[in-house]
Amino acid sequence: MLAEGMSGRPSPERILCLGKAALPLAEAAASLWPGVPGMLYGTVPRRPAPSCFEARWGDHPFPTPGNLRRTAAVERWVEGTRGPLLACVSGGGSALLVHPRPPWTLEMKAAVTKDLWARGALIADINAVRKRLSEVKGGGLRAMAGPWPVTTALWSDVGRRDELLVSSGPTLTWRTRRTAEEVVARYQLKLPAPLPEEAPAARHPEDAHFLMADGIALRREVTESLRPDGFGVTEVACGEGEPARSVAARLVELAGQPRRRPHTLIGSGEPRVDVAGTPGVGGRCSHLAAEVALAFSSTRVSSRWAFCALATDGVDGCAGGGAWADERNVPDARSLNEAVARFDTGSLWRRNGSLLLRKPTGNNLRDLWVLAVWP
């Protein structure tokens, strides 16, 4: 995917790999352009970085003072190297790359970001504010790369048509759907300081970007792998910001359709979970699994069923890496309702023995759900 996307583009003389998938992306780049110097800034190393890469490992999901220092190291590397730059960008970089624009501080910015998450803000809205408060997001890092072309390869954890938002687009110039002012008004935020002015955009005539993979590509890969085994397969899309309960209802409605052979519904995306009060332990995947189990409990479906929701980065909120259930291994409706109401579905699935192990995967292509039904 990387070699195909770089066909016809300037050969890189320096390589930056950023985000949760930074390490495998760096390994792929080093195999294609051996000896080209690189900078890798990722999360949770599982093996050494390629020898030609300088490596930094940061904190996630919220920015820390350590990430400030590591971002400064990335900025020095970008400013101090020369030649065409290949930037391989994956999800997670928004928390890794942090350089607040004065008068904003890291603490102020983190507080506003947490407030937006708690209010159920869409990622596009969160990134509109992040971009405005940052010296490196929204093309800020590209401005430090000098007069050479920058090619950005995207390993996307956001929806189609939103690829430029991956890691808040540090090497790309992009417009937000809403201005930061509109987001502040929409979510009734109380800001500790005025919003800074928009930063000027930087661009070279040969700058380009391309998509290597995203959640839809993963969904289709899983779909094609099931067809030879005799499964009927239906791909299920999730609208950006669609509530988890709505996604679950659609999945169970599709599962109830008459079928003569085993059938699988494959979906990808990040359903919205509006957290209120003091939440318990859980994440989007464990919550969606509970909503699917609840929908089955109130629907007459004669088929056998099994459902699994997987966080492709291996980290589902503050719980495990996802959850699974089937018609024989599912909590009762009362327990499900209570866990959903308290946003404590991770605890529920742990007690049930069906919480998936929490372990970073080195990948990040949105959540993946699989619902299988048998006549």
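Which residue's side chain does Asp59 meet in a salt bridge? These legends take you through the predicted model one close-up at a time, and the first view gives the reply.

**View 1. Asp59 and Arg70 join their side chains in a salt bridge.** The N to O distance here is 2.9 Å. Asp59 belongs to the loop between β3 (53-58) and α3 (65-80), while Arg70 is part of helix α3, so this contact ties together parts that lie 11 residues apart in sequence. The two partners can also be described by their accessibility. Asp59 is partly exposed, with a relative accessible area of 33%. Arg70 has a relative accessibility of 18% and counts as buried, because the cut-off for buried is under 20%. If you would like to look for others, a search of the whole structure finds 22 salt bridges.

**View 2. A salt bridge links Arg132 with Glu181.** In this pair, the closest N and O atoms are 2.7 Å apart. Arg132 sits in helix α6 (residues 123-132) and Glu181 in helix α7 (residues 180-186), so the bridge ties together parts that are 49 residues apart in sequence. Is Arg132 buried or exposed? With 8% relative accessibility, Arg132 counts as buried. Glu181, for its part, is partly exposed, and its relative accessible area is 38%.

**View 3. Arg272 and Asp274 form a salt bridge through their side chains.** The distance from N to O is 2.9 Å. Arg272 is partly exposed, at a relative accessible area of 29%. Asp274 counts as partly exposed too, at 39% relative accessibility. Elsewhere, Asp125, Arg178 and Arg186 are joined into one network by salt bridges that share partners.

**View 4. The largest cavity has a volume of about 50 Å³.** Welcome to the empty spaces of the model. Rolling a probe the size of a water molecule over the atoms shows where empty space is left. The count comes to 2 cavities of 30 Å³ or more. Which residues line the largest cavity? They are Pro63, Ser94, Ala95, Val98, Lys109, Thr113 and Arg130. Two elements, α4 (93-96) and α5 (106-118), each give two or more residues to this lining. Sorted by class, the lining has 3 nonpolar, 2 polar and 2 charged residues.

**View 5. The second largest cavity has a volume of about 30 Å³.** Around this space you will find Arg142, Thr171, Leu172, Thr173, Ala202, Arg203 and Asp207. By class, the lining of the second largest cavity is made up of 2 nonpolar, 2 polar and 3 charged residues.

**View 6. Six strands make an open sheet with parallel pairing.** To find your way across the sheet, follow the order β3-β2-β1-β4-β5-β6. Which strands form the edges? The edge strands are β3 and β6 (208-213), and each of them pairs on one side only. On average, neighbouring strands of this sheet are turned by 15° against each other, with direction ignored.

**View 7. Strands β5 and β6 run parallel and are joined by 5 bridges.** Strand β5 covers residues 150-155. For one pair to look for, start at Leu154: the bridge partner of Leu154 is Leu211 in β6. Strand β6 is also one of the edge strands of the sheet in the previous view.

Technical notes
Residues numbered from 1 in each chain as written. Predicted model: local features only at pLDDT ≥ 70, side-chain atom pairs only at ≥ 80, totals over all residues. Heavy atoms only, no water. Salt bridge = Lys/Arg side-chain N within 4 Å of Asp/Glu carboxyl O. Helix = DSSP H or I, 4+ residues; strand = E, 2+ residues; numbered from the N terminus. Buried < 20%, exposed > 50% of the residue type's maximum accessible area, 1.4 Å probe, protein only. 1 Å grid on protein atoms, 1.4 Å probe; cavity = no way out; pocket = protein on both sides within 12 Å on 5 of 7 lines; lining within 4 Å. Points joined across faces, edges and corners; volume = space filled by probe spheres on them. Nonpolar A, V, L, I, M, F, W, Y, C, P; charged D, E, K, R; others polar. Pairing = 2+ DSSP bridges. Axes fitted to C-alpha atoms, helices over the stretch in contact; angles between N-to-C directions.
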